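This report covers the nonpolar interior, the enclosed and open spaces, and one residue on a helix. The sequence and the structure come first.

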Amino acid sequence: MYFILLSSYFIFASSSTVSSSCLLQGQFHLNGIHKAGDVILGGLFTIQYFSAFSDLSFTSEPEEPTCHGFDYLGFRQAQTMAFAIDEINRNSTLLPNVTLGYTVYDNCVKLAVGFRAGLSLVSGQEEQFIMDETCTGNPPVIGIVGDSTSTSSIAISTVLGLYRVPMVSYFATCSCLSDRKRFPSFFRTIPSDAFQVRAMIQILKHFGWTWAGLLVSNDDYGLHVAQSFQADLVQSGAGCLAYFEVLPWGSNPTELRRIVDKMKTSTARVVIVFAYESYLIHLMKEVVKQNVTGLQWMASEAWTASAVLQAPHLMPYLGGTLGIAIRRGEIPGLRDFLLRLHPDSNDNTSGNNIVKQFWEHTFQCSFAPHTTGWVDANGTLCTGKEDLGNVETAFLDVSDLRSEYNVYKAVYALAYALHDMLQCVPGRGPFSGNSCANFQRLKPWQLIYYLEKVHFTTSFGDQVSFDENGNALPIYDVMNWLWLPDGSTKVQTVGVVKKLASNDEKLTLNEDKIFWNFESNQPPRSVCSESCPPGTRMARKKGEPVCCFDCIPCSEGKISNET
């Protein structure tokens, strides 16, 4: 296997064993799940989502950041990776005689945590490495599935790209990641924002919405997409922005009040939001407070499927939302695999930490009382004998697999690339002297060669391959939030947008299915100025966008018979 020493990971030689070993100066304490194998794949997922960092006065050694909460979607994504690897290991034709293993870490939605995890995956977590031919200790990974955000993927891939370690993200969409010079080892099974932006503009053009507001998150994802959206909107001539605002991270009442005030007073009835759900949660508190209704929301893929935002009290505002969603897929056997999950079922007990956290959140119990009086206060102890089949949990809902389907495709892409690598015939290989990769000493850059050429079809019938920039074939579902009479919400598919061989985007909508959250049950009008009637002409308003104009009578001797 290969071995990497990252200077940024604080590895130094022991003075007593300079020629024989290296010691880690510090070891990161990460939440993870592990399974042994001949070849190890890494994974980065959002399983916990609130993190607290210790005091950085440096009067004492800083403690590791702590993470709280539990994200069932992120945990299901991680378990989808485990399922895919288990399925591959049982496949007699794909990677025969090779057992895949995995090391999965929680990134806590924090760059600092995700970066620690990424470095740990490629360098290993052993306190001491013996520098001999056996290279003892857990082997580092040959490739990584992740990360979940663009910001983390940019940071991690910038470093791992130096060592040509392949990363296949299932959720990072920033178009900047298509830059092969900056990110030579980055791939993804989700379309880039460049395609998502064009898909949004297609929807605007379809309904004649030429006047809209744009809200983006204050991170790499939001800021890059804002630049792309504004440029593409001007180039397409599809409309103008009534306002453009960057949403603050966290609760910032003053800034949020200012943004919602602008939304409330604007004549634009369409608001487009490119942001993660955490930003929307704070924004919607202010929207509800000011009771801003009558808007048509358009959601980016980052929050189209957000269960948190589909709460009944938000539906008077968000009902009828149109959004772009990751392509839905089906993964036969996944639910049965999830049902077999148990806090004692992991091969490596160090991986039980996340599983136990899942168990505690699902059954509202605890394996270890948090306080001395916890049991006396009617707290329930976990026995490990609780039955997942007898509890209602979103974790087991596999009816709408989207990000999980991307994870599934990412694992299989790495597996097929590895399979093709191992099928190499000596003397006919692609490497120096027509050589092949050595299974005992696999190099990550060798896997990239095969990953760039991988092409396979999933059991759901979708083809998977990557273009010259590491992007998968782009396709999105168009979603609509249907507000049901009982107050609940159903997110329904009402169309699809995909890239054609001509590089154009094709939008197909089933308008009869779309729920509009207006009394007319019709799409709203959202224009700055209505078309001028016959006999008048447009006169640009000084200092305002081209979509805003006055209608003035035609000059004497001239007529206008078109709107």
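Which residues have the most contacts inside the largest nonpolar core? In this predicted model, they are F75, M81, F229, I272, F274, L283 and W297, within a core of 130 residues. Helix α11, spanning residues 403-422, gives the most to this core, with 12 residues. A second core, separate from it, has 24 residues, including I40, C108, C176 and L177.

L283 is one of the residues with the most contacts inside the largest core. What does L283 touch once its neighbours within four places in sequence are left aside? The contacts are L215, L247, L256, V260, M263 and W297. W297 is thus named twice: as a contact of L283 and among the residues with the most contacts in the largest core.

The next topic is empty space. The structure holds 1 cavity of 30 Å³ or more, and the volume of the largest cavity is about 30 Å³. Its lining is made up of L204, W209, T210, W211, A212, L233, A238, G239, C240 and L241. Strands β12 (211-217) and β13 (240-247) each supply at least two residues of that lining.

The second largest pocket has a volume of about 670 Å³. It is lined by 30 residues, and A472, L473, P474, I475 and K499 are the closest to its centre. At least two lining residues come from each of α4 (193-207), α11, β18 (463-465) and β20 (489-499). Helix α11 therefore appears in two settings: it gives the most residues to the largest core, and it supplies part of the lining of this pocket, where helices and strands are counted as DSSP runs.

The table sets out volume and lining class for the two spaces.

| Space | Volume | Nonpolar lining | Polar lining | Charged lining |
|---|---|---|---|---|
| Largest cavity | about 30 Å³ | 8 residues | 2 residues | no residues |
| Second largest pocket | about 670 Å³ | 12 residues | 10 residues | 8 residues |

The lining of the largest cavity has no charged residues, whereas that of the second largest pocket has 8.

The last item is R116, which is found in helix α2 (residues 111-123). Why does R116 count as partly exposed? Its relative accessibility is 22%, and the partly exposed class lies between the cut-offs for buried, under 20%, and exposed, over 50%. R116 and L30 are 86 residues apart along the chain, while their C-alpha atoms are separated by 8.2 Å.

Conventions:
Residues are numbered from 1 along each chain as its sequence is written. This is a predicted model: local features need pLDDT of at least 70, side-chain atom pairs count only at pLDDT 80 or more; totals for chains, interfaces and linings use all residues. Side-chain values use heavy atoms; hydrogens and water are left out. Helices (H or I, at least four residues) and strands (E, at least two) are DSSP runs, numbered from the N terminus. Buried means under 20% relative accessible area, exposed over 50%, partly exposed in between (1.4 Å probe, protein chains only). A nonpolar core is a set of buried Ala, Val, Leu, Ile, Met, Phe, Trp, Tyr and Cys residues joined through side-chain atoms within 4.5 Å. Contact means heavy atoms within 4.5 Å. On a 1 Å grid over the protein atoms alone, a cavity is a set of points where a 1.4 Å probe fits but cannot get out, and a pocket is an open set with protein on both sides within 12 Å along at least five of seven lines; lining residues have an atom within 4 Å of a point. Grid points are joined across faces, edges and corners, and a volume is the space filled by probe spheres set on the points. Ala, Val, Leu, Ile, Met, Phe, Trp, Tyr, Cys and Pro count as nonpolar, Asp, Glu, Lys and Arg as charged, and the others, Gly among them, as polar.
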